[in-house]
Amino acid sequence: MKTLVGGRIALTIALLCAALAIAGGFSAPARAAVQQTVYVSPSGSGSACTSAAPCSLTQAQSSVQDLAPSMTGDIVVQLADGTYRLDSPLDLTAADSGRNGHTVIWQAAPNAHPVLSGAKKITGWSLADSSKNIWKTTDIPANLNTRQLYVNGLRAPIAQGAPPVGLTGNTTGYTAADSTYSTWRNPASLEFVYPAGNGLWTESRCRVGSISGTAITMSQPCWKNVTQRPAGANGGFPFPSMSTTTRPTRIENAYELLHAGQWYLDKSSSTLYYIPAPGQNMPTIDVEAPSIESLLTGTGTLGSPIRDITFSGLQFAYATWNGPSSNLGFAEVQANLTMTGATTDPPQGTCNFSSPAGTCPYGAYTQEPGNVSWKYAQYITFEGNTFTHLGAAGLAFGDGSQHNTIIGNVFTDISGIGVELGSAGNPNPTDSREFNSYNTINNNLITRIGVEYPGAVGILLFFTQHTQVAHNDIHDVPYSGISSGAVAGHADTAAHPNLTTNVNSTNDISYNVIYNYMNTLADGGAIYLEGHQNETVLNTDSTVNESASFAGGLTVTGNVVYNQGGDFFAYYNDIGSQWITYSNNVQWSAPNGNGGCYPVGHISFTGNYYANPINQLPCGSSVDMQFSNNTQIPGSPSAGDLPQSVLSGAGLEPAYQGIATSATPRLGYAYPRTGSATAGQQVLVAGSGFSSGTQVTWGSASATSVNVLSSEFLIATAPAGAALSQIAVATGGGKTLPVVDDTNSGISYTGSWTAQTYNGNFGNTQHYTTTNGDSFSYTFSGTGIDYITAMDTNRGNVNVYIDGVLNQQANCYAPSTQPQQVCASVRGLSSGSHTIKVTKVDGTYMTLDALIAYVQPPSDSVIDDTNSGISYTGSWTAQTYNGNFDDTQHYTTTNGDSFSYTFSGTGIDYITAMDTNRGNVNVYIDGVLNQQANCSASSTKLQQVCASVRGLSNGSHTIKVTKVDGSYMTLDALQLSGG
């Protein structure tokens with residue numbers, strides 16, 4: 001199997017077997033025999049479905065349904081490379097299930113990257129307004145309805161901006177300072193956005209209903225659901241209403257607010273408008289408009305669940321979700337749950353805990369749909385896929401989801417939640433077939449979710465049993481990283497602990513790495529828990545059986561979390577939470593390490609490492625809070641302050657680290673990062689994408705040693721005198737460049753800026769302004785950049801422009817002073833020179849601490865072991881080896897045997913399967929020993945970088961790798977680097 005991600009080699013995840021053994025030579029992994037392969041291509045037709053005559057996706061589905069009833073082996077549906085444009089979702093039912101203990105496998109062909117796309121390619125552009133450079137096209141699908149548009153593979157913001165005319169709120173909407181809004185095109189389609197409108201953890205949005213003169217009437221029932229939420233009753237805590245005096249921070253979907261890089265769809269005239277960004281050529285740009293809301297569904301029934309299907313190596317991309325564009329809007333309650341009840345309905349989901357009483361069950365708010373969704377599904381596996389450019393949640397499993405596996409996938413550029421499991425409206429299913437149980441969510445990379453709905457959570461669990469959420473890498477998210485039980489226990493406290501019940505039991509959240517979270521909203525955490533995580537087990541005499549209750553509760557073990565933006569707690573036990581065991585976790589850089597508001601109690605917090613206060617209960621009291629043997633670490637921990645065993649055990653496991661190491665390394669933390677290094681100074685570096693061969697430098701000084709603990713942590717030894725603030729990290733996936741401090745002469749400040757000393761910042765300095773509209777700009781060379789600032793209560797929103805085009809609006813608010821925070825992160829730029837400009841929108845202060853740029857190298861060449869340019873010396877054998885790049889490798893058992901290859905570039909990686917019977921190799925560059933590398937591993941790990949060479953002069957070089965010891969030396973592939 002061959003796979004590439006982002007132009008870099010990645011671990012093969014499709015059909016990867018857990019164990020491969022060598023006994024008297026190599027053997028293919030044991031797996032079920034394939035009964036038949038069904039071949040598919042984007043242009044496929046007919047019903048043959050052979051490699052010579054591939055068919056379409058729909059025909060492939062039909063063929064599987066014909067074959068499945070008499071399955072004697074697995075059926076493989078093999079998708080050729082290309083884009084599969086869907087006019088409707090691929091809807092699977094029990095008829096598409098595997099049978100007789102066998103599996104239907106939908107997978108990418110070798111070296112293919114098939115995309116299941118719900119987008120229409122938009123062409124036919126003409127200049128509509130030369131004075132504003134507005135282009136238009138009517139060459140769009142009939143009745144096109146979308147909330148997203150993508151230009152050259154990047155999400156383009158819809159036409160938006162701050163309200164240009166003042167607004168005064170009232171019970172039905174607003175009174176404008178003048179009648180400007182009534183003259184705007186399609187005023188009833190304007191959308192008002194309210195960050196923190198219904199609580200610090202929300203961002204609600206409502207459409208305008210109508211405008212007459214200066215009177216703006218908001219759409220119902222959205223306006224009622226945002227501003228008229230019921231009061232609490234009978235012990236229930238109400239969710240806050242937004243004051244009718246609250247003004248929107250921005251207006252979206254407004255033609256009159258079009259800026260460069262933004263778009264507007266006029267549905268009344270079936271016309272799409274766009275202002276190209278600088279450098280974009282309208283006749284040649286690729287514009288993709290998502291036109292469907294679902295790409296793939298799997299729907300079974302209680303009696304006939306859909307089951308035994310695997311998806312591997314596919315990309316699910318370009319789907320929208322138009323619910324928030326309706327009169328329901330997006331009246332957020334928590335974690336992208338919304339209120340959608342009509343104005344005449346009783347309150348939604350409040351049961352008897354509100355006045356007036358509402359519908360039951362309690363907390364049954366409307367869930368965000370998944371662009372890929374499943375219900376009554378068993379033994380479904382998603383492995384090694386990418387979910388991106390999506391307008392709702394990435395992947396959702398609803399009622400009756402059992403024994404499903406979500407492993408080794410990437411979730412990025414998603415409007416809402418990353419992964420959603422369970423049903424908010426079914427806390428106590430009465431039929432065991434409805435339970436969500438024995439599901440696994442492991443080793444996924446989740447970043448840049450919540451792009452449109454920032455209350456989104458990376459992984460969201462509702463009511464589940466025997467669920468494992470482990471070894472995930474979650475970073476750069478706007479709200480909480482992982483949540484179990486949103487809304488679930490909003491009526492339970494220590495005083496009345498059992499007003500609600502649910503089926504949560506024996507779930508596990510362990511060994512995850514979560515950082516740069518709560519970047520936009522507040523009142524959440526890295527791991528956020530609400531409601532009972534197990535029901536209390538009683539003895540026969542009605543006393544509490546504490547041992548059994550904890551045993552069936554939630555375990556939170558071995559997680560490492562840092563760099564929290566908003567309030568409150570890194571490990572958050574919110575209302576109603578109970579029966580939780582925390583052990584061997586690490587946290588730093590948060591307002592509080594652990595605590596909550598009105599948890600019931602029965603919480604064990606033992607053997608953890610914390611930098612910020614724990615057992616914090618600012619509201620309410622709890623029972624049976626067990627805190628012992630915890631170790632306080634410094635607020636900025638160094639390498640010696642943290643147990644290396646925890647750092648090396650958290651995050652992506654080796655077999656799945658390729659999904660992170662294929663991209664530019666993410667630098668989340670380094671300490672120390674100021675002053676000059678002393679001899680032998682060890683620097684703790686945390687982030688993502690580290691691998692064997694990672695280079696750490698400080699200016700021109702290179703680390704004397706780099707100990708890579710995992711893809712998320714390493715310890716580098718700095719040479720004496722190195723300027724620690726100038727740390728840079730380079731891998732085969734790219735390079736994180738040194739910090740550009742606010743005092744750098746290349747930064748241009750426009751407006752009334754003041755430079756000052758600010759202890760705790762980079763260089764202990766910053767620039768600040770109090771004037772809206774003031775800005776700074778900086779020209780850099782790279783493919784991405786981070787805006788670093790001290791976040792605080794008096795900071796507000798900023799607009800971030802790249803090359804003159806609005807890229808995003810970011811909120812730099814935090815509930816307390818938090819220096820050196822990433823307020824805005826930009827990725828995916830073309831390689832070359834770019835200019836970032838950041839402008840103050842609101843808040844008392846805008847500050848600049850530093851900027852950090854990133855370089856993603858151009859797509860590199862992969863040289864398979866079968867390449868004729870590789871010269872083998874000695875007794876080498878070529879063989880098929882499933883799971884390797886292109887399913888091949890060469891091996892030798894003779895010490896002194898070698899291979900060599902001449903290439904052009906500045907670096908190269910030696911890729912091989914690592915195992916217990918591998919040993920050392922010597923790596924020579926241009927005849928000179930460069931390094932000795934050890935290719936052994938405790939178990940079989942495919943497509944691993946055993947040796948990495950960087951920093952060569954740009955030109956022709958020859959690598960030679962020679963076997964030193966061990967039973968076997970193998971070659972899977974070589975990966976060339978341009979720099």
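# Rings, sheets and unusual bonds

Colleague: Is His403 buried or exposed, or something in between?
Modeller: His403 counts as partly exposed, because its relative accessibility is 30%. Buried means under 20% relative accessible area, exposed means over 50%, and partly exposed lies in between, with a 1.4 Å probe and protein chains only.

Colleague: What kind of model is this, and how are residues numbered?
Modeller: This is a predicted model, in which local features need pLDDT of at least 70 and side-chain atom pairs count only at pLDDT 80 or more, while totals for chains, interfaces and linings use all residues. Residues are numbered from 1 along each chain as its sequence is written, and side-chain values use heavy atoms, with hydrogens and water left out.

Colleague: What pLDDT does the chain average?
Modeller: The chain averages a pLDDT (the predictor's confidence in each residue, from 0 to 100) of 91, and 95% of the residues score at least 70.

Colleague: Where does pLDDT stay under 50?
Modeller: It stays under 50 over residues 1–31. For that stretch the model has 104 contacts (heavy atoms within 4.5 Å) beyond four places in sequence.

Colleague: Back to His403. What is the sign of its phi?
Modeller: His403 has a positive phi of about 60 degrees, although it is not a glycine. Most residues other than glycine have a negative phi. His403 sits in the loop between β34 (393–397) and β35 (405–407). Strands such as these are DSSP runs of E with at least two residues, numbered from the N terminus.

Colleague: And what about Tyr511?
Modeller: Tyr511 also is not a glycine and has a positive phi of about 60 degrees. Its place is in the loop between β44 (508–510) and β45 (513–517). Tyr511 is partly exposed, with a relative accessible area of 34%.

Colleague: Which residues does a cis peptide bond join?
Modeller: One such bond joins Tyr671 and Pro672, with omega about 0 degrees. Pro672 is found in the loop between β58 (666–671) and β59 (681–688). The peptide bond from Asp567 to Phe568 is cis as well, with omega near 15 degrees. Phe568 is placed in the loop between β48 (560–564) and β49 (569–573). Most peptide bonds are trans.

Colleague: Changing topic: how many aromatic pairs are there?
Modeller: The structure holds 46 aromatic pairs. Rings of Phe, Tyr and Trp (its six-membered ring) pair if their centres lie within 6.5 Å; planes under 30 degrees apart count as stacked, over 60 as edge-to-face and the rest as tilted. Tyr582 and Phe605 form a tilted pair, at 5.2 Å centre to centre and with 55 degrees between the planes.

Colleague: Which strands hold Tyr582 and Phe605?
Modeller: Tyr582 lies in strand β50 (residues 578–583) and Phe605 in strand β53 (residues 601–606), so their pair ties together parts that are 23 residues apart in sequence. Tyr582 is buried, with a relative accessible area of 0%, and Phe605 is buried at 2%.

Colleague: Why is the pair of Trp876 and Phe899 edge-to-face?
Modeller: Their ring centres are 6.2 Å apart and their planes stand at 75 degrees, so the pair is edge-to-face. Trp876 lies in the loop between β78 (871–873) and β79 (877–880) and Phe899 in strand β81 (residues 898–905), so this pair ties together parts 23 residues apart in sequence. Trp876 counts as buried at 14% relative accessibility, and Phe899 is buried at 0%.

Colleague: Which ring face does Arg185 lie over?
Modeller: Arg185 lies over the face of Tyr255, at 3.8 Å from the ring centre. A charge sits over a ring if NZ of Lys or CZ of Arg is within 6 Å of the ring centre and within 35 degrees of the ring normal. Arg827 lies over the face of Tyr854, at 3.7 Å from the ring centre.

Colleague: Now the sheets. What is the order of the five strands in the open sheet?
Modeller: The order is β66-β69-β74-β71-β72, with antiparallel pairing. Two strands pair if DSSP finds at least two bridges between them. β66 (748–750) and β72 (805–811) stand at the edges, each with a single partner strand, so one side of each is left without a neighbour in the sheet.

Colleague: Over how many bridges do β69 and β74 pair?
Modeller: Strand β69 (residues 775–781) and strand β74 (residues 833–840) pair over seven bridges, in the antiparallel sense. Phe780 stands opposite His834 in β74.

Technical notes. Helices (H or I, at least four residues) and strands (E, at least two) are DSSP runs, numbered from the N terminus.
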